Amino acid sequence: MMDEARYNQLVASVFKRMLSAADGIDPDVLEADVTGDMLTLTAPSREKCIVNTQRAVRQIWVAGKSQGIHFSYEEGTGTWKDDKGRGLELFSFVAEVVRDISGADFAYPS
């Protein structure tokens with residue numbers, strides 16, 4: 001299991017990238033709010049996508065599309081993949097949820 005400092009660094013990078021993507025969307029279409037270890041993306045319909053840390057197991061949990069998915073970081077690929085082996089990738093999944101709840105294109109900066 002990765003050490004806490006590395007996990008914290010990776011999570012900070014994830015949140016920063018997601019907040020940058022949210023900044024590119026009109027706040028009347030998608031609102032982003034960070035509180036502690038949780039990033040909440042809210043559409044005008046009040047539907048939400050919640051991205052939350054799971055520190056004990058060094059994962060990121062995402063609630064959206066009526067499900068909760070845990071993502072683990074893969075050092076070899078440098079990506080966050082779902083822990084059930086369904087082939088879901090964190091940033092793509094969140095972009096999909098945002099599109100579903102708001103209609104907005106959640107474009108990540110490179």
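**Close-up views of helix 2 and its surroundings**

At 3% relative accessibility, Phe93 counts as buried, because the cut-off for a buried residue is under 20% relative accessible area. The views below are drawn from a predicted model, and they start from the helix that carries this residue.

**View 1. Phe93 of helix 2 is paired with Phe71 of strand 5.** The structure holds 4 aromatic pairs. In one of these, Phe71 and Phe93 are tilted relative to each other, with 6.0 Å from centre to centre and 45° between the planes. Since Phe71 belongs to strand 5 and Phe93 to helix 2, the pair ties together parts that are 22 residues apart in sequence. Phe71 has a relative accessible area of 0% and is therefore buried. Phe93 is likewise buried, at 3%.

**View 2. Phe91 and Tyr108 form an edge-to-face aromatic pair.** The ring centres are 4.9 Å apart, and the angle between the planes is 80°. Phe91 lies in helix 2, whereas Tyr108 lies in the segment after helix 2, so this pair ties together parts that are 17 residues apart in sequence. Both Phe91 and Tyr108 are buried. Together with Phe106, these two residues make up one aromatic cluster. Arg17 is placed over the face of Phe91, at 4.2 Å from the ring centre.

**View 3. Helix 2 is shown from its start to the residue just after it.** The helix comprises residues 90-102. At 1.5 Å a residue, its 13 residues should span 18 Å, and the end C-alpha atoms are 18 Å apart, so the expected and modelled values agree. At the start of the helix, a side-chain oxygen of Glu89 reaches to within 3.1 Å of the backbone nitrogen of Phe91. Just after the helix, Gly103 adopts a positive phi of about 80°.

**View 4. The buried residues of helix 2 pack against one helix and several strands.** Buried positions in helix 2 include Leu90, Val94, Ala95, Val97, Val98, Ile101 and Ser102. The packing partners of the buried residues are helix 1 (4-23), strand 2 (38-42), strand 3 (48-54), strand 4 (59-64), strand 5 (67-74) and strand 6 (79-82).

**View 5. Lys48 of strand 3 is in contact with Ile101.** The strand residue Lys48 has a relative accessible area of 39% and is therefore partly exposed. Although Lys48 and Ile101 are 53 residues apart along the chain, their C-alpha atoms are separated by 7.2 Å. Leaving aside residues up to four places away in sequence, Lys48 touches Thr40, Leu41, Thr42, Ala63, Gly64 and Ile101. With one of these, Thr42, the side chain of Lys48 makes a polar contact through the partner's side chain, at 3.4 Å. Ile101 itself is among the buried residues of helix 2.

**View 6. Glu75 makes a polar contact with Arg6.** Glu75 is located in the loop between strand 5 and strand 6. Its relative accessibility is 48%, so Glu75 counts as partly exposed. The contact joins the side chain of Glu75 to the side chain of Arg6, at 3.3 Å. Glu75 and Glu4 are 71 residues apart in sequence, and their C-alpha atoms are 15 Å apart in space.

Technical notes
Residues are numbered from 1 along each chain as its sequence is written. This is a predicted model: local features need pLDDT of at least 70, side-chain atom pairs count only at pLDDT 80 or more; totals for chains, interfaces and linings use all residues. Side-chain values use heavy atoms; hydrogens and water are left out. Helices (H or I, at least four residues) and strands (E, at least two) are DSSP runs, numbered from the N terminus. The expected span of a helix is 1.5 Å times one less than its number of residues. Buried means under 20% relative accessible area, exposed over 50%, partly exposed in between (1.4 Å probe, protein chains only). Contact means heavy atoms within 4.5 Å. A polar contact is a pair of N or O atoms within 3.5 Å; within protein, one must be able to donate a hydrogen and the other to accept it, and residues adjacent in sequence count only if both atoms are side-chain atoms. Rings of Phe, Tyr and Trp (its six-membered ring) pair if their centres lie within 6.5 Å; planes under 30 degrees apart count as stacked, over 60 as edge-to-face and the rest as tilted. A charge sits over a ring if NZ of Lys or CZ of Arg is within 6 Å of the ring centre and within 35 degrees of the ring normal.
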